[in-house]
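Visitor: I have a model open and would like to talk it through with you. Could you bring it up here too?
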Amino acid sequence: MATIFPREEKAEQLFEKILENPDACERLKDTFYEHFPESEDMDAQMPAVSPQTFTRALFQAYQNKDLSAFLMAICGNSMFDLLRNSFLIPIRFDDKGKTNPILLTDDQGILREKIPVNVPDKVYQKFSRIYQHREPIPQMREYLAYGFREEHRYGEEDLSVESVEIGRHLGILLLYAMPEHLQEHLTDAQVYVHVWDALMRLQDVLPRAFMYYGKMQVNGQETGSEELGIFLPLRHFGDAMERNIEQANGIALGFREEMERYARSV
């Protein structure tokens with residue numbers, strides 16, 4: 001796609017001169033934010049980015065045509081951070097090597113040893129009651145888990161990117177194994193389209209529930225098949241967790257049936 005405006009000549013030399021002047025960087029940042037609608041809590045929402053970091057990110061984004069580089073300077077999110085944190089795309093299991101979600105119980109519902117987060121007794125007791133009365137569903141597992149979303153921000157010394165956990169929750173993770181033969185008939189792109197549709201149905205019924213997708217690792221070992229995960233934070237869904245789990249099951253099982261039908265049709 002062609003750019004709207006042609007590139008200015010000698011932009012790099014101009015950018016270097018501005019970056020050498022702290023007052024110039026501050027004026028540029030102030031001018032940018034003057035065009036945002038006024039809000040009482042806007043300053044609290046904006047990431048703490050110095051005028052120099054803001055200006056450096058703006059210039060590098062201009063030079064490299066990298067929207068995500070600038071988005072991180074103004075709202076702490078890359079392009080795909082924005083999509084994930086708007087619950088518009090699923091979260092990949094263990095994305096970029098960081099364990100997410102973290103399973104806090106084993107396959108029998110027993111709290112694991114040496115878990116990295118504190119689990120209050122009342123939270124574990126509540127999970128245990130739900131786990132003991134769970135509906136048996138083939139190729140589905142249920143865990144107490146810790147899940148989070150992420151933002152990415154710039155370090156203050158340079159433009160090194162830091163990953164920041166946000167939306168951290170204890171909750172119940174429902175894992176649904178995908179039939180292995182689907183991978184023989186469908187491409188990742190074909191599966192992903194249906195995963196997205198399932199995510200939109202989930203958000204209609206259970207807004208702010210997390211959806212995970214892909215292959216997760218347990219005890220350092222990757223599971224054999226693709227799985228769909230629905231994570232229900234206790235903070236949002238704890239008051240009616242059993243009913244919410246039923247709704248999540250309906251969406252996930254409907255998704256599996258839909259995938260089976262689609263695989264037979266292609």
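Visitor: Is C75 buried or exposed, or something in between?
Guide: In this predicted model, C75 counts as partly exposed, because its relative accessible area is 26%.

Visitor: And C25, buried or exposed?
Guide: C25 is buried, since its relative accessibility comes to 0%.

Visitor: How many disulfides does the structure hold, then?
Guide: It holds zero disulfides.

Visitor: Why is C75 not bonded to another cysteine?
Guide: The cysteine sulfur closest to that of C75 belongs to C25 and lies 20 Å away, which is too far for a bond, given that a disulfide needs the two sulfur atoms within 2.5 Å. Taken from the other end, the sulfur of C25 has its closest cysteine sulfur in C75, again at 20 Å and too far for a bond.

Visitor: Switching to the sheet: what is the strand order?
Guide: The sheet is open and has six strands, arranged as β1-β5-β8-β4-β3-β2, and the pairing is mixed. The edges are taken by β1 (91-92) and β2 (102-103), and each has a single partner strand, so one side of each is left without a neighbour in the sheet.

Visitor: How do β5 and β8 pair?
Guide: Strand β5, residues 210-214, runs antiparallel to strand β8, residues 227-233, and five bridges join the pair.

Visitor: Which residue in β8 is the bridge partner of F210?
Guide: That is F231.

Visitor: And which strands does helix α9 lie across?
Guide: Helix α9, made of residues 188-205, lies across β1, β5 and β8, and it runs at about 165° to β5.

How values were computed. Residues numbered from 1 in each chain as written. Predicted model: local features only at pLDDT ≥ 70, side-chain atom pairs only at ≥ 80, totals over all residues. Heavy atoms only, no water. Pairing = 2+ DSSP bridges. Helix = DSSP H or I, 4+ residues; strand = E, 2+ residues; numbered from the N terminus. Contact = heavy atoms within 4.5 Å. Axes fitted to C-alpha atoms, helices over the stretch in contact; angles between N-to-C directions. Buried < 20%, exposed > 50% of the residue type's maximum accessible area, 1.4 Å probe, protein only.
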